[in-house]
Amino acid sequence: MEQDRPVTRDALVSMQVIDARGRLVGKVKDVAFAVGRMGIALTVENERGEVQNVSWEDVQAASDFIILKPVQQAPVQQAQAVFQPQQQ
């Protein structure tokens with residue numbers, strides 16, 4: 001789907017959701033929004049039946065399936081990974 005073209009609920013429901021590493025997250029079960037807030041979220045169910053909400057802001061692309069943007073690590077977490085104490 002083109003970036004400027006609106007995406008309907010019917011088009012999104014049942015689409016597979018893939019994370020930025022190419023792993024299957026689940027399938028879209030519904031589209032949700034909170035009254036008084038901007039934006040929407042996708043209700044995604046994984047193979048185990050667990051449900052999570054994914055903000056539309058976290059979606060990189062939507063066409064034959066939905067691809068999520070890469071998750072950004074906080075700088076503190078990255079620094080801890082680099083400067084781990086050596087075991088003796």
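In the predicted model, Phe65 lies in the loop that links strand E5 (59-62) to strand E6 (66-68). The relative accessibility of Phe65 is 38%, and the residue therefore counts as partly exposed. Leaving aside residues up to four places away in sequence, Phe65 is in contact with Met15, Gln16 and Ile18. A further relation to a remote part of the sequence is given by Ala11: 54 residues separate Ala11 from Phe65 along the chain, while their C-alpha atoms are 9.9 Å apart.

The two strands that flank this loop are also paired with each other. E5 and E6 run in the antiparallel sense and are joined over 3 bridges. Within this pairing, Val59 has Leu68 of E6 as its bridge partner. In general, the strands of a sheet pair through backbone hydrogen bonds, in either a parallel or an antiparallel manner.

The pair belongs to a wider arrangement. An open sheet is formed by 6 strands, which follow the order E4-E3-E2-E1-E6-E5 with mixed pairing. Its edges are occupied by strand E4 (51-55) and E5, each of which pairs on one side only. Neighbouring strands of the sheet are turned against each other by 35° on average, direction ignored. Along the sequence, the protein chain contains 2 helices and 6 strands, and the succession of these elements reads α-β-β-β-β-β-β-α.

The largest nonpolar core comprises 12 residues, namely Leu12, Met15, Val17, Val25, Val28, Leu42, Val44, Val54, Val59, Ala62, Ile66 and Leu68. Two or more residues are contributed to this core by each of strand E2 (24-32), strand E3 (41-45), E5 and E6. Both members of the bridge pair Val59 and Leu68 are found in this core. Met15, which is touched by Phe65, is likewise one of the core residues.

Val17, another member of the core, makes contacts with several parts of the chain. When residues up to four places away in sequence are not counted, Val17 touches Arg23, Leu24, Val25, Gly26, Val28, Val44, Ile66 and Leu68. Among these partners, Val25, Val28, Val44, Ile66 and Leu68 are themselves listed in the core.

For the chain as a whole, 20% of the 88 residues count as buried. The exposed area of the protein chain is about 7,400 Å², of which carbon and sulfur atoms supply 48%. Of the contacts between residues at least 6 apart in sequence, 23% join residues at least 24 apart.

How values were computed: Residues are numbered from 1 along each chain as its sequence is written. This is a predicted model: local features need pLDDT of at least 70, side-chain atom pairs count only at pLDDT 80 or more; totals for chains, interfaces and linings use all residues. Side-chain values use heavy atoms; hydrogens and water are left out. Helices (H or I, at least four residues) and strands (E, at least two) are DSSP runs, numbered from the N terminus. Buried means under 20% relative accessible area, exposed over 50%, partly exposed in between (1.4 Å probe, protein chains only). Contact means heavy atoms within 4.5 Å. A nonpolar core is a set of buried Ala, Val, Leu, Ile, Met, Phe, Trp, Tyr and Cys residues joined through side-chain atoms within 4.5 Å. Accessible areas come from the Shrake-Rupley method with a 1.4 Å probe; for residues, only the protein chains shown count as cover. Two strands pair if DSSP finds at least two bridges between them. Axes are lines fitted to C-alpha atoms, for helices over the stretch in contact, and angles run from 0 to 180 degrees between N-to-C directions.
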